[in-house]
Amino acid sequence: MLRVGIVDDHQLFRKSLALMINSFQNTKVVIEASNGRIFLELLEDNPIDLVLLDIQMPEMNGFETCRTLQQYYPEIKILVVSQLTTKESIHKIMELGADGYFTKNSDPEQLEHAINTLHENGFYFGTELGKVLREAILWEKKKPTKPVEVIAALTGREIDIIRMAAQEMSSGEIADRLSINIRTVDTHRKRIMEKTNTKNFIGVVLYALRHEFITMEELS
């Protein structure tokens, strides 16, 4: 059973979302909270696998909540569900380690797919997020120049795995495509994250796009 938390300050939206998610197979909402502070208090006694997190909330917003989760609960997957689509906000969300992004204007039928993909693959990289990532990368390139960055020496096999993962292929599907063991794929994924010094695989994809190991056109 996939245990889910919802953090959103709009009660009607939160309740409707919980009702929808509870109708999904093998999925149960075990935490509902109106802000990050309440959520973190409830989390102490209610372990979850995944949280749907709004950004704009009183007392403790999504940015602060995401930062705390990364520090103390890195095993919990974070799917941001928000109306925020500014380049600055999107880039900040990705930097803080969110594992997926789902806009509140998206088709509700896509939510189950987003949750399952995030749970199985470790991140959600759907159509909406593809647009989001393009905006984030364009924004980052306009930022002031940083000290020279040492670009990771990724192998051809590692780049292939990044590309296939970004196309929503699971570790099992990647293993079949490359004729290798699924554990080998998972080992590659961990090594890639270490090489690129990223918090999660969305960070890896951003890194690969930013340094042109892969292109947005390959993921469409």
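The second largest pocket is lined by 14 residues, of which Lys 77, Gly 122, Arg 189, Lys 190 and Met 193 lie nearest its centre. A pocket here is an open set of points on a 1 Å grid over the protein atoms alone, with protein on both sides within 12 Å along at least five of seven lines, and its lining residues have an atom within 4 Å of a point. The volume of this pocket is about 290 Å³, taken as the space filled by probe spheres set on the points, which are joined across faces, edges and corners. Its lining comprises 3 nonpolar, 5 polar and 6 charged residues, where Asp, Glu, Lys and Arg count as charged, Ala, Val, Leu, Ile, Met, Phe, Trp, Tyr, Cys and Pro as nonpolar, and the others, Gly among them, as polar. Helix H9 gives the most to this lining, with 4 residues.

The model is predicted, and local features need pLDDT of at least 70, side-chain atom pairs count only at pLDDT 80 or more, and totals for chains, interfaces and linings use all residues. Residues are numbered from 1 along each chain as its sequence is written, and side-chain values use heavy atoms, with hydrogens and water left out.

Helix H9 (182-196) also takes part in covering the buried residues of helix H8, as does helix H7 (156-166); helices are DSSP runs of H or I with at least four residues, strands are runs of E with at least two, and both are numbered from the N terminus. In H8 (residues 171-178), the buried residues are Ser 171, Ile 174, Ala 175 and Leu 178. They cover an arc of only 100 degrees around the axis, which puts them on the same side of H8, the arc being that of the directions from the helix axis to the C-beta atoms. The face turned away from that buried side carries the exposed residues Asp 176 and Arg 177, with buried meaning under 20% relative accessible area, exposed over 50%, and partly exposed in between (1.4 Å probe, protein chains only).

Most residues other than glycine have a negative phi. Just after H8, however, Ser 179 takes a positive phi of about 60 degrees, and two loop residues with positive phi are set out below.

| Residue | Phi | Loop | Relative accessibility |
|---|---|---|---|
| Asn 197 | near 55 degrees | between H9 and H10 (201-210) | 71% |
| Glu 212 | near 60 degrees | between H10 and H11 (216-219) | 61% |

Over the chain as a whole, there are 11 helices and 5 strands, and buried residues make up 50% of the 220 residues.

Technical notes: Contact means heavy atoms within 4.5 Å. On a 1 Å grid over the protein atoms alone, a cavity is a set of points where a 1.4 Å probe fits but cannot get out, and a pocket is an open set with protein on both sides within 12 Å along at least five of seven lines; lining residues have an atom within 4 Å of a point.
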